[in-house]
Amino acid sequence: MLKQIRTPFTDLMKIDYPIIAAPMFLVSNTEIVTQSSEAGGIGTFPALNYRPIEKYDEALKAMRAKTKKPIGVNIIVNKSNTRQNDDLKYALDNGVDLFITSLGSPKKVIEEAHKNGAKVFCDVTNLEHALKVEDLGADGVIAVGAGAGGHAGPISPFVLIPWLKTRLQVPIIAAGGISHGSMITAALALGASGVSVGTRFIASKEADIDAAYKKAIVDSTPEDIVMTTRVSGTPAAVINTPYVQKLGTDLPWAMKVLKDNKMTKKYMVPLIHYLGMRSLEEAATKPSWKTVWTAGQSVGMIDDILSVKEIYAKLVNEYEESLRSLDKTKA
Ligand SMILES: Cc1cc2nc3c(=O)[nH]c(=O)nc-3n(C[C@H](O)[C@H](O)[C@H](O)COP(=O)(O)O)c2cc1C
């Protein structure tokens, strides 16, 4: 039996390990979420993985039937998500314990979640945004650093976490690049209260995605990860497949002009988002030559497809091993 890793985050959520299985569009599912929570961490998923809203309610009920342990939902809180009130309401009705907000203002989620005793952590990539959400009453922040899968931040986690720590009172969760237990040791040493792990769980037995996507995670090196604005208009990390190379990592000139123009911006931004999401969906779920696979630099330390339970055990074992090797460095 592995020892608990106790931090302010595990105390807050009443879990054994400060390891969040991060919300991943098209990848997180009932099995990954519930197995993560049962393993002693906490599983989370983007509400939008289940469309229409009835499927979301069904998924929440299925998760609740499989585990009594805490689970989390990610809600996109900007205008692009027309469903956000329902995303919140159904989650609260089903007793979700943790909310992760991304992109806009988390004010309403914080107010409503707190009435239910749920906690809210907000994705941030810099100090300014982190201070804003702390002011709004967030229970913590998820510091998304350079190298992360999805919408990675620009700042190295080595700087981002200690920088946020200088001013924030609330717990900080490190996200980006974590796929080995020694990285959890490092994140905690930098001042984080936990970690949020995404890419590692793409190569899990439970992920219900095209086998070629999992294989690409195992085969890729950090050098294969490139940032592209083609998916959503904001930089996102993807594997540099021949299709991505053909497409280019920047929006075509005309699209960029229309996106930056005051009059056309409001039409172009949702259109870019829609087209990008459609190609992601196609690439993740069916064999397709249009391979746009989201992943972060942590692919470098992922060599096998394991079950969620095995991934948790491996991370915790590696964490303990790295502590022992640190001990050896003492005089
Ligand atoms: C395939 C994929 C999809 C993602 N989708 C979302 C999402 O829908 N919402 C979100 O807040 N973050 C999303 N992320 C970011 C993760 O929640 C997390 O911050 C990130 O994966 C951590 O970095 P790592 O992949 O290096 O572990 C996604 C990441 C990946 C790899």
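Here are legends for a few close-up views of this predicted model.

**View 1. Helix α2 and its buried residues.** The helix spans residues 30-38, and its buried members are Thr30, Ile32, Val33, Thr34, Ser36 and Ser37. An α-helix makes a turn every 3.6 residues, so positions three or four apart point the same way. Keep that in mind when you trace the side chains.

**View 2. What sits over α2.** Strands and helices both help cover the buried residues of α2. On the strand side, look for β1 (19-21), β2 (42-46) and β3 (71-76). The cover also includes two helices, α3 (53-66) and α13 (308-328). Just past α2 comes glycine 40, with a positive phi near 110°.

**View 3. Two domains in one chain.** The domain assignment splits the protein chain into domain 1 (8-208 + 303-325) and domain 2 (221-285). Going by C-alpha atoms, their centres lie 24 Å apart. Nine residues from domain 1 and 11 residues from domain 2 make up the contact.

**View 4. Zooming in on the interface.** Between domain 1 and domain 2, about 740 Å² is buried, and carbon and sulfur atoms supply 65% of that. Which residues of domain 1 lose the most area to domain 2? They are Phe25, Leu26 and His151, together giving 57% of what the domain 1 side buries.

**View 5. Polar features across the interface.** How many salt bridges turn up between domain 1 and domain 2? The rule finds zero. As for polar contacts, one residue pair counts, with both partners at pLDDT 80 or more. Sorted by class, the domain 1 side touching domain 2 has four nonpolar, four polar and one charged residues.

Methods:
Residues are numbered from 1 along each chain as its sequence is written. This is a predicted model: local features need pLDDT of at least 70, side-chain atom pairs count only at pLDDT 80 or more; totals for chains, interfaces and linings use all residues. Side-chain values use heavy atoms; hydrogens and water are left out. Buried means under 20% relative accessible area, exposed over 50%, partly exposed in between (1.4 Å probe, protein chains only). Helices (H or I, at least four residues) and strands (E, at least two) are DSSP runs, numbered from the N terminus. Contact means heavy atoms within 4.5 Å. Domain bounds come from an automatic or database domain assignment. Buried area is the accessible area (1.4 Å probe) that two parts lose on being put together, summed over both. A salt bridge is a side-chain nitrogen of Lys or Arg within 4 Å of a carboxyl oxygen of Asp or Glu. A polar contact is a pair of N or O atoms within 3.5 Å; within protein, one must be able to donate a hydrogen and the other to accept it, and residues adjacent in sequence count only if both atoms are side-chain atoms. Ala, Val, Leu, Ile, Met, Phe, Trp, Tyr, Cys and Pro count as nonpolar, Asp, Glu, Lys and Arg as charged, and the others, Gly among them, as polar.
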